[in-house]
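Visitor: Could you take one part of this model, look at it closely, and then connect it step by step with its surroundings? I would like to understand what each piece of the account rests on.

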Amino acid sequence: MEAENQTEVSVFLLRGLSDDPELQPLLFGMFLSMYLVTVLGNLLIILAVSSDSHLHTPMYFFLSNLSFVDICFISTTVPKMLVNIQECSKGISYIECLIQVYFFMIFAGMDDFLLTVMAYDRFVAICHPLHYTVIMNPRLCVLLVLSCWLTLFWVSLIHILLVRQLTFCTGTEIPHFFCELAQILKAACSDTLINNICLYVATALLCVFPLTGILFSYSQIVSSLMRMSSSEGKYKAFSTCGSHLSVVCLFYGTSLGVYLTSAVTHSSQRSSIASVMYTVVTPMLNPFIYSLRNKEVKGALQRFLRRRKYLGKMLKGLQSTP
């Protein structure tokens with residue numbers, strides 16, 4: 001009973017990226033800038049897609065959901081880190097830590113699932129173009145996204161309930177800049193066998209299966225493209241996959257980099273720095289990849305910004321009218 005009460009009131013210590021006081025202002029400015037760029041960039045994608053009727057298609061419906069998830073994903077970790085740097089504190093309460101783990105798992109999993117769904121969308125568009133509108137109907141698109149959310153809500157909840165059964169010592173230190181499930185399990189004072197088994201199962205569910213689906217979709221796409229006689233047709237078909245493929249490589253490449261860094265080195269600080277790539281850098285770069293490589297998104301953004309500028313001038317003119 002005493003251990004449980006101790007767990008309820010415990011405060012974890014997040015070691016962060018560096019203990020050097022002189023680096024803290026630099027880290028604060030860098031992460032604040034990346035956070036604002038990520039939120040603004042992904043918000044512009046959402047507004048451009050929702051305001052342009054030409055982009056009311058399954059592919060851009062999934063893209064706007066991905067942008068929303070990326071905003072939530074980075075908002076799960078970076079704001080708390082910025083607050084701790086500003087207050088020269090490393091503490092995070094037990095409840096705050098569990099909430100962070102819960103939402104981090106949901107949004108990281110949603111990134112995986114949405115990238116898989118988007119790969120399936122490209123597979124249907126290229127391999128079954130005549131049936132695309134019938135297969136990828138609005139109802140199916142909504143059901144796919146909802147099923148992803150519901151699956152992750154329950155998977156993450158199971159992990160949190162299992163973590164609630166663990167006991168922790170006072171002053172437990174987590175060698176990371178946010179509460180990561182694997183690090184929390186390592187810091188526990190009680191047996192974590194069941195938790196680790198569930199973590200491996202969740203990793204297979206949230207990483208291996210989606211990646212397998214992406215690889216299968218692209219193998220079918222490449223096979224279909226090889227059967228095309230026209231080089232122009234091949235280029236046009238595959239160009240619609242360019243942005244998605246870049247994001248997939250970035251997300252899984254950085255995630256694999258974090259895993260290999262953790263396996264090769266025992267330095268928790270290096271692992272934390274590597275984690276910045278997929279928790280912060282990837283969500284920040286996604287809008288740039290889709291806006292720079294995709295002419296339709298680029299055009300929609302330009303039209304949206306022009307409309308905003310035109311409305312601003314109209315409002316200014318009305319206000320100046322006596």
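**From one residue to the spaces inside**

Guide: A convenient place to begin is Gln24, which belongs to helix H2, the helix that covers residues 24-51. Please keep in mind throughout that the model is predicted. Setting aside residues up to four places away in sequence, Gln24 makes contact with Ser18, Asp19 and Ile85. The C-alpha atoms of Gln24 and Gln86 lie 8.4 Å apart in space, although 62 residues separate them in sequence.

The chain as a whole gives the setting for this. Its secondary structure consists of 12 helices and three strands, and of its 322 residues 46% count as buried. If one takes the contacts with a separation of 6 or more, 78% of them join residues 24 or more positions apart. The chain exposes about 17,200 Å², and 68% of that area is supplied by carbon and sulfur atoms.

Helix H2 leads on to the empty spaces. Rolling a probe the size of a water molecule over the atoms shows where empty space is left. There are two cavities of 30 Å³ or more in the structure. The second largest cavity holds about 40 Å³ of space, and its lining is made up of Asn42, Ile45, Leu63, Leu66, Ser67, Asp70, Asn286, Pro287 and Tyr290. H2, H3 and H11 are the elements that each give two or more residues to that lining, and H3 has the largest share, with four residues. By class, the lining of the second largest cavity divides into five nonpolar residues, three polar and one charged.

The largest cavity contains about 70 Å³ of space. Around it stand Met59, Tyr60, Leu63, Met118, Asp121, Arg122, Thr240, Ser243, His244, Tyr290 and Asn294, and the elements that give two or more residues to this lining are H3, H4 and H10. Five of the lining residues of the largest cavity are nonpolar, four are polar and two are charged. Leu63 and Tyr290 appear in the linings of both cavities.

A pocket also belongs in this part of the account. The second largest pocket has about 640 Å³ of space, and 23 residues line it, those closest to its centre being Met59, Lys236, Ser239, Thr240 and Glu296. Two or more lining residues come from each of helix H3 (58-86), H4, helix H5 (132-135), helix H9 (231-239), helix H10 (242-264), helix H11 (268-293) and helix H12 (295-320). H9 gives the most to the lining of this pocket, namely four residues. The lining of the second largest pocket has 10 nonpolar, seven polar and six charged residues. Met59 and Thr240, named among the residues closest to the centre of this pocket, are also part of the lining of the largest cavity.

Helix H4 deserves a second look for its aromatic residues. A search of the whole structure yields 17 aromatic pairs. In one of them, Phe103 and Phe107, the ring centres are 6.0 Å apart and the planes meet at 20°, so the pair counts as stacked, the limit for that class being under 30 degrees. Phe103 and Phe107 are four residues apart in helix H4 (residues 94-127), which means that about one helical turn separates them. Phe103 is partly exposed, with a relative accessible area of 35%, whereas Phe107 is buried at 8%. Elsewhere in the aromatic set, Phe31, Phe73, Phe104, Phe177, Phe178 and Tyr278 form one cluster.

Two further residues complete the tour. His159 is found in helix H6, residues 138-163, and it counts as buried because its relative accessible area of 4% falls under 20%. Apart from neighbours within four places in sequence, His159 is in contact with Met105, Leu181, Cys198, Leu199 and Ala202. Phe12, for its part, sits in strand S1, which spans residues 11-14, and at 1% relative accessibility Phe12 also counts as buried. Not counting residues up to four places away in sequence, Phe12 touches Lys90, Gly91, Ile92, Tyr94, Cys97, Phe168, Thr172 and Ile174. Phe12 and Cys179 are 167 residues apart in sequence, while their C-alpha atoms are 8.9 Å apart in space.

Definitions and conventions: Residues numbered from 1 in each chain as written. Predicted model: local features only at pLDDT ≥ 70, side-chain atom pairs only at ≥ 80, totals over all residues. Heavy atoms only, no water. Contact = heavy atoms within 4.5 Å. Phe/Tyr/Trp six-rings, centres within 6.5 Å; stacked < 30°, edge-to-face > 60°. Buried < 20%, exposed > 50% of the residue type's maximum accessible area, 1.4 Å probe, protein only. 1 Å grid on protein atoms, 1.4 Å probe; cavity = no way out; pocket = protein on both sides within 12 Å on 5 of 7 lines; lining within 4 Å. Points joined across faces, edges and corners; volume = space filled by probe spheres on them. Nonpolar A, V, L, I, M, F, W, Y, C, P; charged D, E, K, R; others polar. Areas by Shrake-Rupley, 256 points an atom, 1.4 Å probe, with all protein chains shown as cover.
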